[in-house]
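Open the model in your viewer and keep the selection tool at hand. This tour goes stop by stop: select, look, move on.

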Amino acid sequence: MTPWRKLALPYCQALPLIHSLSGRDITASYRFFIGKPTWLEKSKTVPLDHLASFVEADHNLTDDVIDQARQLFISVYSSSNEIARCNSLTELRAHEFLKSDTTNLKRLPPTKDAFRLHLERAAYACIIDKTAHIAKPFLPDPKECGWTLEGDIVVPQAMRNPPWPPNVSKGTNCSCRKGYQRNCKCSKASRRCNIGCICRGHPDTCSRAKLQEDSERELAGEMESSDEKESGSEEDIQWGIRGTIAENSSYKNETFH
């Protein structure tokens, strides 16, 4: 363990929020099977300047603070360098679920919605820690920071969004390994192949995804061409109007002189 005296000041300033994110008594934790040493080591692989300046400069959860907290979560929950390049918790969650042989959902990172609620609770706890030297610090309303009231008891809010999209009746995954096949479940359901399919829904491994990508590119090219033609026709009209005005002007000059 690195002695605290050897840690840089910005890193020390970020530790209260990192500690709250890793899970503590007053926040709901997502640290199942992940210990504090892992959080400490992983925090050294991501930028922390905005996490360090939280409360020091501003009590608001800015986009920069949220982005760095998300990067930290992705680093902590990523089991390989390939997965660590995921740009969102949703993508990481899908990869971790598909590559795992277990159905223990506690091993998965939180959803985007649950992450934001957990971050709000961690930020609230961090504000308490960093303002402990103030006699009467200003604290935001807990109900606006990831908690909700159940009777007279304040409890962590699990989610704001519904657990299942209302416009999706049932998930469909196909087992096509070499691209499109006649018995493709996604094709029969008129849906795109997705990351849950054997083909992963990627253009490199799925012919349906490749055709969809090519058609979208072709459509985008046609739209650009039509826009250019419209702009060109407008220019022709403008030049035609100018030519007509010039001809009329010269005609009037010849008539009255």
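Select helix 1 (residues 9-21) and helix 7 (residues 112-130). Their axes come within 8 Å and cross at roughly 135 degrees. Axes here are lines fitted to C-alpha atoms, for helices over the stretch in contact, and angles run from 0 to 180 degrees between N-to-C directions. The crossing angle makes helix 1 oblique to helix 7. Angles under 35 degrees count as roughly parallel, over 145 as roughly antiparallel, 65 to 115 as roughly perpendicular, and the rest as oblique.

Now show the side chains where the two helices meet. Helix 1 brings Gln13, Pro16, Leu17, Ser20 and Leu21 to the contact. Helix 7 brings His118, Leu119, Ala122, Ala123, Ala125, Cys126, Asp129 and Lys130. Contact means heavy atoms within 4.5 Å. The crossing of helix 1 and helix 7 is right-handed. A crossing is right-handed if the near helix is turned clockwise from the far one by less than a right angle, and left-handed if anticlockwise.

A word on what you are viewing. This is a predicted model, in which local features need pLDDT of at least 70 and side-chain atom pairs count only at pLDDT 80 or more, while totals for chains, interfaces and linings use all residues. Residues are numbered from 1 along each chain as its sequence is written, and side-chain values use heavy atoms, with hydrogens and water left out.

**Two residues on helix 7**

Select alanine 125, in helix 7. Is alanine 125 buried or exposed? Its relative accessibility is 1%, so alanine 125 counts as buried. Buried means under 20% relative accessible area, exposed over 50%, and partly exposed in between (1.4 Å probe, protein chains only). Alanine 125 touches Ser20, Arg24, Ile26 and Thr27, leaving aside residues up to four places away in sequence. Add proline 16 to the selection. Alanine 125 and proline 16 are 109 residues apart in sequence, but 8.5 Å apart in space, C-alpha to C-alpha.

Go next to lysine 130, also found in helix 7. Lysine 130 has a relative accessible area of 13% and is buried. Which residues does lysine 130 touch, not counting residues up to four places away in sequence? They are Gln13, Pro16, Leu51, Ala52, Phe54, Val55 and Glu56. From lysine 130 to phenylalanine 54 is 9.4 Å, C-alpha to C-alpha, with their positions 76 residues apart in sequence.

**A loop residue**

Valine 55, one of those touched by lysine 130, is the next pick. Find it in the loop between helix 3 (49-53) and helix 4. Valine 55 has a positive phi of about 80 degrees, although it is not a glycine. With a relative accessible area of 11%, valine 55 is buried.

**Around helix 4**

Select helix 4 (residues 63-77) together with helix 6 (residues 89-99). The two axes come within 10 Å and cross at roughly 10 degrees. That makes helix 4 roughly parallel to helix 6. Arg70, Phe73, Ile74 and Tyr77 of helix 4 meet Leu89, Leu92 and Glu96 of helix 6.

Keep helix 4 and swap in helix 7. Here the axes come within 11 Å and cross at roughly 110 degrees. Helix 4 is therefore roughly perpendicular to helix 7. Ile66, Ala69, Arg70 and Phe73 of helix 4 touch Phe115, Arg116, His118 and Leu119 of helix 7. The crossing of helix 4 and helix 7 is right-handed.

**Down the axis of helix 6**

Color the buried residues of helix 6: Leu89, Leu92 and Glu96. Viewed down the helix axis, these buried residues fall within an arc of 60 degrees, so they line one face of helix 6. The arc is that of the directions from the helix axis to the C-beta atoms. An α-helix has 3.6 residues a turn, so residues three or four places apart point the same way.

Now select threonine 90 in helix 6. Threonine 90 counts as exposed, at 52% relative accessibility. Its C-alpha is 6.5 Å from that of lysine 112, 22 residues apart along the chain.

**Zoom out**

Show the whole chain. There are nine helices and two strands. Helices (H or I, at least four residues) and strands (E, at least two) are DSSP runs, numbered from the N terminus. Along the sequence the pattern reads α-α-α-α-α-α-α-β-β-α-α. Buried residues make up 27% of the 257 residues.
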